[in-house]
Amino acid sequence: MPLTAYAAPFARLALANITREYPNFPAHLTTSPDEPTRPSTLHPAFYGAYDWHSSVHMHWLLVRLLRRHGSTPALADTAPYVEALDRHLTPGNLAVEAAYLLDRPSFERPYGWAWLVALAAECRAYGGAAGARWTEALTPAVAAVDRLLADWLPKATYPVRHGNHPNSAFALGLLLDAGELSTATDRAVRERLLTWFDGDHDAPAHWEPSGQDFLSPALSEADAMRRVLTGEEFARWLDRFLPALRSGAPCPPLEVPVVSDPADPQIGHLLGLTLSRSAALRPIAGALPDGPVRTRLAEAAEAHLAAGLPAVDSGDFTTDHWLATFAVLALDPYAQH
């Protein structure tokens with residue numbers, strides 16, 4: 001299932017989303033009747049795609065597709081996409097976004113923070129004049145996230161383990177992958193993951209999924225630990241954490257969830273769960289030696305991808321404003337970096 005086949009429709013979907021201001025669900029505390037509340041005023045760069053974090057990661061999606069396929073027939077005309085990114089990712093717009101984050105230290109913590117840093121990393125990897133423009137414009141916002149992380153992590157005594165946006169493991173793993181943090185903050189992220197999770201064992205995997213999960217608590221944690229442990233350390237940790245993998249017993253995070261109503265905004269999260277599980281399962285499998293556990297994880301990754309991919313471009317804004325990002329994460333193992 002190569003990403004090439006989806007490059008054009010996903011790019012069109014991303015462009016439609018990042019430029020669509022309404023409907024909008026702003027996570028903004030209004031403190032005065034005279035306060036401006038229009039999304040494009042509060043967030044001149046990231047006003048579209050229903051909510052702030054979705055707008056950020058749909059920008060990431062568009063840049064990634066341009067980087068991977070912008071010089072191929074799959075995306076023959078890149079001008080409309082580059083023009084939209086040039087309108088949004090300007091120094092002035094990103095200065096407003098950075099100030100907003102610093103004024104509201106818990107806003108989009110840590111999920112939106114992670115996607116912002118991931119977007120900056122993708123712009124840097126895109127390169128060329130456009131990538132350099134966007135990277136430079138994003139620099140103050142990335143610095144804001146770095147500062148906010150440095151302030152927050154020492155106070156984060158406990159991780160958030162549920163399968164929605166505040167999940168600690170998913171966001172911190174994404175931040176490490178981006179490679180845009182300062183050395184001190186990168187080290188603090190790694191230390192916090194180990195403090196939170198290194199001693200975990202016998203995960204309550206039978207509790208998964210919850211009714212509106214789009215992340216697997218168990219697999220997000222395992223995927224984060226894959227990033228901070230060596231191969232042998234990780235294999236031993238995973239045996240303790242999910243012993244059912246080695247024993248061959250049923251393991252619910254490997255079972256494709258039932259999505260009874262894809263158009264329901266909460267139940268529809270489970271479509272994202274199929275894709276985020278697939279995106280986690282394959283690198284977890286890749287970190288293990290050949291054998292039954294690795295094979296079992298890889299097969300589960302394929303089954304989840306096959307279940308979630310057809311729903312990505314459904315024409316329903318409920319899922320169209322975010323799901324393609326997770327489809328690309330799941331398809332990444334099939335793409336050339």
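The exercises below, each with a worked solution, concern a predicted model.

**Exercise 1. Helices α8 and α9**

Determine how α8 and α9 are oriented relative to each other, and which residues make their contact.

Solution.
- Step 1. Take the axes of α8 (residues 168-178) and α9; they come within 10 Å and cross at roughly 150°.
- Step 2. Angles over 145 degrees count as roughly antiparallel, and α8 and α9 are therefore roughly antiparallel to each other.
- Step 3. For the hand, α8 passes α9 in a left-handed crossing.
- Step 4. On the α8 side the contact is made by Ser 168, Ala 169, Leu 172 and Leu 176. On the α9 side it is made by Asp 186, Val 189, Arg 190, Leu 193, Trp 196 and Phe 197.
- Step 5. Sorted by class, the contact of α8 with α9 has seven nonpolar, one polar and two charged residues.

**Exercise 2. Helices α1 and α3**

Describe the crossing of α1 and α3 and the classes of the residues in their contact.

Solution.
- Step 1. The axes of α1 and α3 come within 9 Å, and the crossing angle is roughly 145°.
- Step 2. The crossing in which α1 passes α3 is left-handed.
- Step 3. From α1, the residues that meet α3 are Ala 7, Phe 10, Ala 11, Leu 13, Ala 14, Asn 17 and Ile 18. Their counterparts in α3 are Ser 55, Met 58, His 59, Leu 61, Leu 62, Leu 65 and His 69.
- Step 4. By class, the contact of α1 with α3 has ten nonpolar, four polar and no charged residues.

**Exercise 3. An aromatic pair and a cluster**

Classify the aromatic pair of Trp 60 and Trp 115, and place it in the chain.

Solution.
- Step 1. The structure holds 21 aromatic pairs. In the pair of Trp 60 and Trp 115, the rings lie 5.1 Å centre to centre, with 65° between the planes.
- Step 2. Planes over 60 degrees apart count as edge-to-face, and the pair of Trp 60 and Trp 115 is edge-to-face.
- Step 3. Trp 60 is in helix α3 and Trp 115 in helix α6 (residues 111-126); with their positions 55 residues apart, the pair links distant parts of the chain.
- Step 4. Trp 60 and Trp 115 are both buried.
- Step 5. Ring pairs also join Trp 60 and Trp 115 with Tyr 111, Phe 170, Phe 214, Trp 322 and Phe 326 in a cluster.

**Exercise 4. Backbone exceptions**

Locate the cis peptide bonds at Pro 23 and Pro 209, and the positive phi angles at Ala 49 and Tyr 50.

Solution.
- Step 1. Most residues other than glycine have a negative phi, and most peptide bonds are trans.
- Step 2. Tyr 22 and Pro 23 are joined by a cis peptide bond with omega about 0°. Pro 23 sits in the loop between α1 (7-18) and α2 (39-42).
- Step 3. The bond from Glu 208 to Pro 209 is cis, with omega near -5°. Pro 209 belongs to the loop between α9 (183-197) and α10 (217-226).
- Step 4. Phi is positive at Ala 49, about 60°, and at Tyr 50, about 80°. Ala 49 lies in the loop between α2 and α3 (52-69), and Tyr 50 is found in the loop between α2 and α3.
- Step 5. Buried means under 20% relative accessible area; Ala 49, at 0%, is buried. Tyr 50, at 27%, is partly exposed.

Key:
Residues are numbered from 1 along each chain as its sequence is written. This is a predicted model: local features need pLDDT of at least 70, side-chain atom pairs count only at pLDDT 80 or more; totals for chains, interfaces and linings use all residues. Side-chain values use heavy atoms; hydrogens and water are left out. Helices (H or I, at least four residues) and strands (E, at least two) are DSSP runs, numbered from the N terminus. Buried means under 20% relative accessible area, exposed over 50%, partly exposed in between (1.4 Å probe, protein chains only). Axes are lines fitted to C-alpha atoms, for helices over the stretch in contact, and angles run from 0 to 180 degrees between N-to-C directions. Angles under 35 degrees count as roughly parallel, over 145 as roughly antiparallel, 65 to 115 as roughly perpendicular and the rest as oblique. A crossing is left-handed if the near helix is turned anticlockwise from the far one by less than a right angle, and right-handed if clockwise. Contact means heavy atoms within 4.5 Å. Ala, Val, Leu, Ile, Met, Phe, Trp, Tyr, Cys and Pro count as nonpolar, Asp, Glu, Lys and Arg as charged, and the others, Gly among them, as polar. Rings of Phe, Tyr and Trp (its six-membered ring) pair if their centres lie within 6.5 Å; planes under 30 degrees apart count as stacked, over 60 as edge-to-face and the rest as tilted.
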